[in-house]
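This briefing concerns selected packing features of one protein chain. Please view the sequence and the structure together while reading the points below.

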Amino acid sequence: MTVAQYSLEEPSDGGHAHFTGSTRAHVWAWRRYIILIATPFLLAPLPAIVDGSEARCAYVVMLMAVYWFTTALPVGVTALLPIILFPTLGILDTNSTTMLYMKDTNMLFAGGLFMAVAIEYWGLHKRIALRILMLVGSEPQWLMLGLMGATWFLSMWISNTATTSMMIPITEAILQQLQDTLPQTDKDQTRNVTVSTVSGNSKETSVELQELPAPDKGDKEPNGDAGDATQQKNGETDAHHKGDGNHGNQGAKGSDPDFDRMCKGMSLCICYSATCGGIGSLTGTGPNLILKENSDLIYDKSTLSNPVTFGSWMAFGVPLSLLVVVICWFWLQIAFLGRRGVLGWCMRGEKQDAERSRSVKKLIKDEYKKLGPIVFGEGMVLACFFLLVTLWVTRDMGGQVGWGQLFDVAVKDSVPAVFVGILLFILPSTWPGLRSYSRYSHPQKTGPAVQERKITIRPLLDWPIVHEKFPWQLLFLLGGGFALSGGFDKSGLSDWIGEQLEFFRDWNEWSVLVMICYIAAACTEVTSNTAMSSVLLPIMERLASNIGSHPLIYMFPVCLSTSFAFMLPVATPPNAIVFTYGRVNIGDMMKAGVVMNILAVPCVVLMTKTLGVAVFGFEENPADFLKNTTQLVAVSM
């Protein structure tokens, strides 16, 4: 989430994003320094007047919240503040604080992102997306479904931002092809939009998707949000428009309003399905990992095993995310494809429909043919992907079955993640005797070795590629979230907040969950979802303990609701990327997004109380939880 940085680039005239001049940047620079300097002093009376570690921890939380909200500091840098403030304010000692920044969950995240980088670098995500589009029809409703399905699936495994930045050019090329098949009179009325078709060249693809940013909001983040990543992506998408001053001038006089509405719906479906896909897998987005770590800490204090594993998360998350995507598909058709149905914009006769259908199919097939056959390196990456998912799912299948039971000590999901991540640096990308070897199939097709026709056996990944594409900021952001959780418990702040919320004991649990989830979804529109979950989850755990409910029945829906950032371009990098292409303005996104928030939150609560109970046993509050109030603390404490 990039509130401040995106404001430097937000267009004032409805056009595509760009810097609006040195004056505006100068003003923001002064505001940034004012926020950085004034905030600590304005909050200083809190620990000075109110004695106790709770007030000191609240000071740190509020300071980080302001910096995260305004992005006066990069979100990853703000996440490092507990290393300075916790020891100096007497909340946690230095060793206890720093150990929270490199935990099992961070290793799970790192291994998963090695896999994501390999998929992106070898172009497998583009191959999968185009293959899915070849299976659906060429009519708008089925094209939208195909685009959403491809984006949804890919965003479970790679960065939401990388997925969106790859899918949006494909969508633009399809829309341009649809526009070209309109009758000439309508074509003259429709605004002239210069778009860049997606190149099949794997080198160009790797340059276009240069960086996997932070969470969705944050990314994959796992699917997450990084300010510099969004700013960079805005600049990249700027290049696609070729300086067309008319681009983004929605609803201009003389344009075809039905076609414009369809373009808006097709664009929004990409960023919305990327957001939904992130909740489908454990490594899909930052809040999921925050919840996993907090649940580990809860169960470590009891004699029970944690039911939250990669396999159980997918059993719950995939149906939930698929339900939200289907609802989103229906809503976008109603909102943007017209009341006459999805073909209302182009009811021009059978001949034109057949021409449009052939044109779109040909475009997709041509783009897929440009990728060529699957080469040895792509096959190896695909094999590693299936190996990783298989190891994750089969590690713990109900607590009694799974390969993890073969070992005397606990083996968690980070073990296969790191194992497969290391394999990517070992396995070759070419093999003697295979066709791909003589063609030098590695994506990096430039350099002296290629020019001189020298064949070099290289691994699937090397460190310079990982260094360039890996969202390092996320490691610090996740660590900062874990540090906040530890500080919440050690200082007693979570106890104090939980006591203030005990009046919810007399409320209906459904009403409490829906209300809190709507608050979380609203807050995530203007701040990092990972940061938001880091603050809310310790409070939800304490609230559940105080009113006698299972902690996870409050933590799960609140955590997932922090990923529902549908309303604003600044809410998450996928929204910002779609916005910079100019098809959608802020009003369009807010109107569609507010309905998505209204519809998605009840889905989360309903699935938590039904499927969540079946998968995780939420309704059964263990005796250990009732006997001992659980604490979100680090294992080392």
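The points below cover helix packing, an enclosed helix, two buried helical residues, aromatic pairs and charges over rings. The model is predicted. Two helix pairs are described, one roughly antiparallel and one oblique. Helix α28 is largely enclosed by the rest of the structure, because 11 of its 11 residues are buried. The count of aromatic pairs comes to 21.

**Helix α9 against helix α10**

- Helix α9 (residues 124-135) packs against helix α10 (residues 140-155) at an angle of about 150°, and their axes are 9 Å apart.
- The angle lies over the cut-off of 145 degrees, and α9 is therefore roughly antiparallel to α10.
- The handedness of the crossing between α9 and α10 is right-handed.
- From α9, the residues that meet α10 are His125, Ile128, Ala129, Ile132 and Leu133.
- On the α10 side, the residues are Leu143, Gly146, Leu147, Ala150, Phe153 and Leu154.
- In general, an α-helix has 3.6 residues a turn, so residues three or four places apart point the same way.

**Helix α15 against helix α30**

- Helix α15 (residues 257-277) and helix α30 (residues 586-609) pack with their axes 11 Å apart, at an angle of about 50°.
- This angle makes α15 oblique to α30.
- The crossing of α15 and α30 is right-handed.
- Helix α15 contributes Lys264, Leu268 and Tyr272 to the contact, while α30 contributes Asp588, Met589, Ala592, Gly593 and Met596.

**The enclosed helix α28**

- Helix α28 spans residues 551-561, and 11 of its 11 residues are buried.
- Among the buried residues of α28 are Pro551, Pro557, Tyr554, Phe556, Cys559 and Ser561.
- The buried residues of α28 also include Leu552, Ile553, Met555, Val558 and Leu560.

**Two buried helical residues**

- Gly481 lies in helix α24 (residues 472-491).
- Gly481 counts as buried because its relative accessibility is 0%, against a cut-off of under 20%.
- Beyond its neighbours within four places in sequence, Gly481 is in contact with Ile290 and Ser534.
- Ile290 is 191 residues away from Gly481 along the chain, yet their C-alpha atoms are separated by 7.1 Å.
- Asn106 belongs to helix α8 (residues 104-121).
- Asn106 likewise has 0% relative accessibility and therefore counts as buried.
- Outside its neighbours within four places in sequence, Asn106 is in contact with Tyr101, Leu475, Leu478, Gly479 and Phe482.

**Aromatic pairs and an aromatic cluster**

- There are 21 aromatic pairs by the rule applied here.
- One of these, formed by Phe316 and Phe616, is edge-to-face, at 5.8 Å centre to centre and with 70° between the planes.
- This pair links distant parts of the chain, 300 residues apart: Phe316 is in helix α17 (residues 310-336) and Phe616 is in helix α31 (residues 611-616).
- Phe316 is buried because its relative accessibility is 1%, and Phe616 is buried with a relative accessible area of 6%.
- One aromatic cluster is formed by Phe109, Phe114, Phe425, Trp463, Phe470 and Trp472.

**Charges over rings**

- The ring of Tyr33 has the charged end of Arg32 over it, 5.4 Å from the ring centre.
- The charged end of Arg127 sits over the ring of Tyr368, at 5.7 Å from the centre of that ring.

Conventions. Residues are numbered from 1 along each chain as its sequence is written. This is a predicted model: local features need pLDDT of at least 70, side-chain atom pairs count only at pLDDT 80 or more; totals for chains, interfaces and linings use all residues. Side-chain values use heavy atoms; hydrogens and water are left out. Helices (H or I, at least four residues) and strands (E, at least two) are DSSP runs, numbered from the N terminus. Buried means under 20% relative accessible area, exposed over 50%, partly exposed in between (1.4 Å probe, protein chains only). Contact means heavy atoms within 4.5 Å. Rings of Phe, Tyr and Trp (its six-membered ring) pair if their centres lie within 6.5 Å; planes under 30 degrees apart count as stacked, over 60 as edge-to-face and the rest as tilted. A charge sits over a ring if NZ of Lys or CZ of Arg is within 6 Å of the ring centre and within 35 degrees of the ring normal. Axes are lines fitted to C-alpha atoms, for helices over the stretch in contact, and angles run from 0 to 180 degrees between N-to-C directions. Angles under 35 degrees count as roughly parallel, over 145 as roughly antiparallel, 65 to 115 as roughly perpendicular and the rest as oblique. A crossing is left-handed if the near helix is turned anticlockwise from the far one by less than a right angle, and right-handed if clockwise.
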